[in-house]
Amino acid sequence: MAEQHCPGFESNKSLAEIKIKCPECGRESEIFSDEMDKKITCAGCKNTFNPAKCKID
Ligand SMILES: [Zn+2]
């Protein structure tokens with residue numbers, strides 16, 4: 001299945017998309033590689049966590 005890209009995605013092509021999983025509720029989401037050193041707020045349970053420890057490979 002092909003990935004869907006938003007218009008304007010090409011301007012961010014230096015950034016990799018990284019899949020992460022919330023350690024609290026297990027909800028998966030995607031972030032860009034420049035967000036790896038930030039705290040991520042889960043859209044599901046509002047837990048904040050470090051994405052570098054919650055990557056899905
Ligand atoms: Zn969560």
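Start with the whole protein chain selected and coloured by accessibility: of its 57 residues, 21% are buried, and since this is a predicted model, everything described along the way is computed from predicted coordinates. With the surface switched on, the accessible area of the protein chain comes to about 4,500 Å², of which carbon and sulfur atoms hold 48%.

Change next to a cartoon view, where the protein chain shows four strands and zero helices, so that the elements read β-β-β-β from the N terminus on. If contacts are drawn between residues at least 6 apart in sequence, 25% of them join residues at least 24 apart.

Now select the zinc ion together with the SG atoms of C22, C25, C42 and C45, which coordinate the zinc ion at 2.3 Å. The angles among these four donor atoms run from 105 to 113°, and the site is tetrahedral; along the sequence, the donor residues follow the spacing C-x2-C-x16-C-x2-C. Within this set, C25 and C42 form a pair that links distant parts of the chain, 17 residues apart, with C25 in the loop between β1 (17-21) and β2 (28-32) and C42 in the loop between β3 (40-41) and β4 (48-49).

Keep that pair selected and compare the accessibility of each residue: C25 counts as partly exposed because its relative accessibility is 43%, whereas C42 counts as buried because its value is 5%.

Finish at K46, which is found in the loop between β3 and β4 and counts as exposed at 60% relative accessibility. Its backbone deserves a look, as phi of K46 is near 70°, a positive value in a residue other than glycine. Most residues other than glycine have a negative phi.

Conventions
Residues are numbered from 1 along each chain as its sequence is written. This is a predicted model: local features need pLDDT of at least 70, side-chain atom pairs count only at pLDDT 80 or more; totals for chains, interfaces and linings use all residues. Side-chain values use heavy atoms; hydrogens and water are left out. Donors are N, O and S atoms within 2.8 Å of the metal (3.2 Å for Na, K and Ca); water is not among the atoms, so sites may look incomplete. Four donors count as tetrahedral if all angles lie between 85 and 135 degrees; four count as square planar and six as octahedral if opposite donors are over 155 degrees apart and all others between 65 and 115; anything else is irregular. Helices (H or I, at least four residues) and strands (E, at least two) are DSSP runs, numbered from the N terminus. Buried means under 20% relative accessible area, exposed over 50%, partly exposed in between (1.4 Å probe, protein chains only). Contact means heavy atoms within 4.5 Å. Accessible areas come from the Shrake-Rupley method with a 1.4 Å probe; for residues, only the protein chains shown count as cover.
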